[in-house]
Amino acid sequence: METSSNSDQNEVSVSGTPTNSVSSPYRRTYSDISGLSHRFDVQSFYNRPSNTNAVVLSGHEEDLSEDAVEPNDGVVNDVNVNGEDHNDPDSDIDSAEDAELEMMRERFAKLLLGEDMSGSGKGVCTAVTVSNSITNLYATVFGQSLRLQPLSTEKKDLWKREMNCFMSICDYIVEVIPRSLGTNVEITETKLRSDILMNLPALRKLDNMLMEILDSFTENEFWYVERGSSSMNSSSGGRDSGTFRKVVVQRKDEKWWLPVPCVPAEGLSEDERKHLRHKRDCANQIHKAALAINDSTLNDMDIPDSYLTTLPKSGKASVGDVIYKQLCTAEKFYPDQLLDILKITSEHEALELADKVEASLVTWRRKTGGLAHSKSSWDMMKDIGGDAERGNDKNHILAARARSLLFCLKQRYPELSQTSLDICKIQYNRDVGKAVLESYSRVLEGLAYNVVSWIDDVLYVDRTVRNRDD
């Protein structure tokens, strides 16, 4: 059980790796590999004095004046034997720059080696390294954030500093655009690649909005207690904390490691409820926007051959007889009704169903020749109905209906982990720009979903307390 006293246990150490191994609270991740860690000022590096020009005090410097050597007015000159002035602020700046330079050397070495410290060339590609680093940075900064409260200044600075390093990679990913200067003259120009130009500023905006939402929870009428702590069963300051244990235990989606939200005995004020609902709506919209960008990015990634080789020859073999019969025989297909018939009881069953339907979807699209531009499980929702029931091709109909089934499954289980195809795409992706966009949107999607869940927890307890009093 995590407590508020150890909320900063996941800070990075001097070596740049997390001091306490923590997995991301949002499970649409697949790596725990460390990322970049400290800011590096390039300009200050090139302006630093060279070590060969350093001045070393010695006993043979006869050109120094007597006043320069001897302390004045009895003040001891704080210079050690190596000539380092402990009171000199420039010396502290140089030491900090040396530490940051050493950190960046280590980070870039890991990036270039593909996280293979043996140097044998067996490491992962740059795109996967960057994606892993952003995923791990999210776990480091937000892994211990389990309640509605602002981030600490240290973690907020760490997040902004390192994400700026990752985003700077995209500044050099360009595309060549031809431009005509006349009838016989044509030149080429470069500009940021269109997907980066469109999505990266939007992700930065969503990031800032999420930070603003967390920063708004400073003076709250609700509070938290750790599950199993003595404060859950005792009254303190007029707050009847013992009643909240029963409220939370009755929840279907209980997670034992989360702190328990508590509200006053009379419930929250109307202004506080309005504030919570407003922030929930904002976070929910951020979640949808981040999900859309993540889907679009995954949509642009090719389906790896390693995934295609595992597919069965027929889509029916993937989904089974029951689902296949519903997809084939019904004149009008209603995916919600099919999900009700299947009676999914856990997230594990939902993810297993998503993998099966996704595999059959890819199989049917291959047969129709519609796999020239690959699509993942959640990416194909934008054109739902676009080619549904197109012609009399049975494979077209099955693919369209499988697409709608996946969409409904995603809506019903928004916390669903990534499917096998999505994970495979990320692992085999070689495009660094897509890796940045996918991982950035994925972690923001996870954070937004967590914020919505935390607000729902508070509103749930408030609603239960008010209904009990009525």
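Two strands count as paired if DSSP finds at least two bridges between them. Keep that in mind for the hairpin. One caution before we start: this is a predicted model.

So, the strands. β1 covers residues 174-180, and β2 covers residues 186-192. They pair in the antiparallel sense, over 7 bridges. Val174 in β1 stands opposite Leu192 in β2. The connection is a hairpin, and 5 residues join β1 to β2.

Now the interior. The largest nonpolar core has 49 residues. Which of them touch the most other members? Phe142, Leu148, Trp159, Phe222, Leu276, Tyr440 and Val451. The elements giving two or more residues to this core are α4, α5, α6, α8 and α16. The largest share is from α16, with 15 residues. Where does this core lie with respect to domain 1 and domain 2? Domain 1 is 95-192, and domain 2 is 223-227 + 252-371 + 385-467. Both give residues to the core, so it lies between them.

Take Tyr440, one of the residues I just listed. Leave aside its neighbours within four places in sequence. Tyr440 is then in contact with Ile134, Trp159, Met163, Met167, Leu200, Leu203, Arg204 and Asp207. Apart from this core lies another, of 23 residues. Among its members are Leu339, Leu361, Leu398 and Cys408.

Next, the aromatics. The count is 5 aromatic pairs. Start with Tyr138 and Phe142. Their ring centres are 5.3 Å apart and their planes are at 35 degrees, so this pair is tilted. Both sit in helix α4, 4 residues apart, which means about one helical turn between them. Tyr138 is buried, at 1% relative accessible area. Phe142 is buried too, at 2%.

Phe142 also pairs with Trp159. Here the centres are 5.1 Å apart and the planes are at 80 degrees, so the pair is edge-to-face. This one links distant parts of the chain. Phe142 is in α4, Trp159 is in α5, and 17 residues separate them. Trp159 is buried, with a relative accessible area of 2%. Put together, Tyr138, Phe142 and Trp159 form one aromatic cluster.

Last stop, a backbone oddity. Most residues other than glycine have a negative phi. Lys343 is not a glycine, yet its phi is positive, about 55 degrees. Where is Lys343 placed? In the loop between α12 (335-342) and α13 (347-368). Is Lys343 buried or exposed? Exposed: its relative accessibility is 64%, and the cut-off for exposed is over 50%.

Methods. Residues are numbered from 1 along each chain as its sequence is written. This is a predicted model: local features need pLDDT of at least 70, side-chain atom pairs count only at pLDDT 80 or more; totals for chains, interfaces and linings use all residues. Side-chain values use heavy atoms; hydrogens and water are left out. Buried means under 20% relative accessible area, exposed over 50%, partly exposed in between (1.4 Å probe, protein chains only). A nonpolar core is a set of buried Ala, Val, Leu, Ile, Met, Phe, Trp, Tyr and Cys residues joined through side-chain atoms within 4.5 Å. Domain bounds come from an automatic or database domain assignment. Contact means heavy atoms within 4.5 Å. Rings of Phe, Tyr and Trp (its six-membered ring) pair if their centres lie within 6.5 Å; planes under 30 degrees apart count as stacked, over 60 as edge-to-face and the rest as tilted.
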